[in-house]
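Biologist: Before we discuss the assignments, I should like each term set against its criterion. Please show me the model.

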Amino acid sequence: MGKSFSTYETAWCPGCGNFSILRCLKTALEELNIDPAKVLMAAGIGQAAKTPQYISANTFCGLHGRSLPAATAAKIANENLTVIVNTGDGDSYGEGGNHFIHAIRRNVNITHFVHDNQIYGLTKGQSSPTTAEGHVTNAQADGNLNYPLNPVLLAIAAGAGFVARSFSGDTKHLTEMMKAAISYKGYALVDILQPCVSFNKINTFSYYKERVYYLETDHDYTDKAAAMIRAMEFGDRIPIGIFYREEKPDYHTKHKVLASKMPLVDQKYDPMIVQNLMNEFV
Ligand SMILES: Cc1ncc(C[n+]2csc(CCOP(=O)(O)OP(=O)(O)O)c2C)c(N)n1
Ligand code: SF4
Ligand SMILES: [Mg+2]
């Protein structure tokens with residue numbers, strides 16, 4: 001067991017699924033023996049995005065939906081950091097939806113944990129990109145008119161090399177998924193089903209408990225078509241586990257400079273090189 005990631009007082013509602021996600025995250029990092037000083041936790045805005053504030057590591061809390069670009073930049077500058085993004089379904093798939101797709105394309109070695117409570121929790125219960133059609137919320141009194149996004153299916157289709165789903169109510173499974181995602185070399189997504197006890201009275205703990213089941217051990221996660229078919233199953237039964245996994249070169253491996261030199265943060269900065277360049281424009 002590695003160093004502790006400490007315990008802090010939180011501002012989440014009693015019973016919120018975020019508590020077990022935080023606990024699993026710390027356990028995963030400790031069991032992987034990762035030094036807290038070598039971890040960067042990045043987040044945007046929301047209840048899920050408070051996670052970095054409750055863990056002893058380096059943190060970056062940015063604008064709503066903008067954590068993935070910051071995480072990408074940090075990893076490019078310092079590949080020795082374990083970079084983990086913890087944000088909500090709104091932050092990741094709504095406000096940050098474009099960054100989600102392009103982080104997948106770049107395949108920088110970062111891990112993305114989405115606390116998917118199918119609602120905007122922090123702002124008191126408006127529909128999010130994963131809220132079911134017809135779901136009555138505080139803001140959608142006649143029911144949500146939009147069709148929900150399927151993030152697992154979208155991530156596989158966009159080319160992500162590691163795509164998994166887990167459930168905050170199954171801590172053993174969630175810890176295993178987190179460890180596998182953090183260990184994967186490239187962009188990795190775990191969409192985590194998480195009850196919001198205050199503002200989502202439909203997708204409750206027992207709602208998920210009744211529906212969630214494990215992908216079979218013979219599910220071939222290297223078969224993209226099979227993974228997409230299983231990802232489309234989201235209703236009365238909801239599979240959890242690794243849907244898709246593909247070994248492929250990450251951004252650093254393909255980038256000539258990053259692959260051949262020491263991390264950018266360790267390289268000596270020579271202001272004369274910049275000055276000489278500037279002089280060419282005088
Ligand atoms: C650009 C922008 N739009 C909207 C908001 C208001 N806002 C803050 S948090 C939030 C919803 C967060 O929902 P989600 O990401 O699902 O996280 P949760 O609170 O459910 O964990 C919204 C709409 C904002 N801060 N910035
Ligand atoms: S509002 Fe929902 S997501 Fe936010 S802390 Fe409370 S239960 Fe958790
Ligand atoms: Mg949410």
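Modeller: Here the magnesium ion (ligand 3) is coordinated by Asp89 (OD), Asn117 (OD1) and Ile119 (O), at 2.1 to 2.2 Å. This is a predicted model, in which local features need pLDDT of at least 70 and side-chain atom pairs pLDDT 80 or more, whereas totals for chains, interfaces and linings use all residues. Residues are numbered from 1 along each chain as its sequence is written, chains are lettered from A and ligands numbered from 1 in the order in which they are written, and side-chain values use heavy atoms, with hydrogens and water left out.

Biologist: What makes Asp89, Asn117 and Ile119 donor residues of the magnesium ion (ligand 3)?

Modeller: Donors are N, O and S atoms within 2.8 Å of the metal (3.2 Å for Na, K and Ca); water is not among the atoms, so sites may look incomplete. The contributing atoms are at 2.1 to 2.2 Å, so they count as donors. In sequence the donor residues follow the spacing D-x27-N-x1-I. Asp89 in helix H3 (residues 89-95) and Asn117 in the loop between strand S4 (111-116) and helix H5 (151-158) are 28 residues apart, a pair that links distant parts of the chain. Helices (H or I, at least four residues) and strands (E, at least two) are DSSP runs, numbered from the N terminus.

Biologist: Are Asp89 and Asn117 buried or exposed?

Modeller: Both Asp89 and Asn117 are buried. The term means under 20% relative accessible area, with exposed over 50% and partly exposed in between (1.4 Å probe, protein chains only).

Biologist: Why is Gln118 called buried, and Asn33 exposed?

Modeller: Gln118 has 3% relative accessibility and therefore counts as buried; Asn33, at 56%, counts as exposed. Gln118 lies in the loop between S4 and H5, while Asn33 is found in the loop between helix H1 (18-31) and strand S1 (39-43).

Biologist: What is notable about phi in Gln118 and in Asn33?

Modeller: Most residues other than glycine have a negative phi. Gln118, which is not a glycine, has a positive phi of about 55°, and phi of Asn33 is near 60°, also a positive value in a residue other than glycine.

Biologist: How do you know that Ala43 is buried?

Modeller: Ala43 has a relative accessible area of 0%, so the residue is buried. Ala43 lies in strand S1. Leaving aside neighbours within four places in sequence, Ala43 is in contact (heavy atoms within 4.5 Å) with residues including Ala49, Phe60, Cys61 and Thr87.

Biologist: What makes a residue part of the shell around ligand 1, and how many surround it?

Modeller: A residue is near a molecule if one of its heavy atoms lies within 4 Å of it. For ligand 1 there are 16 such residues, the closest being Gln47, Asp89, Asp91, Gly121 and Leu122. H3 supplies the largest share of the shell, four residues.

Biologist: Which polar contact does the Asn117 side chain make with ligand 1?

Modeller: A polar side-chain atom of Asn117 lies 3.0 Å from an oxygen atom of ligand 1. A polar contact is a pair of N or O atoms within 3.5 Å; within protein, one must be able to donate a hydrogen and the other to accept it, and residues adjacent in sequence count only if both atoms are side-chain atoms. The pair involving Asn117 therefore qualifies. An oxygen atom of ligand 1 is also 2.9 Å from a polar backbone atom of Ala48.
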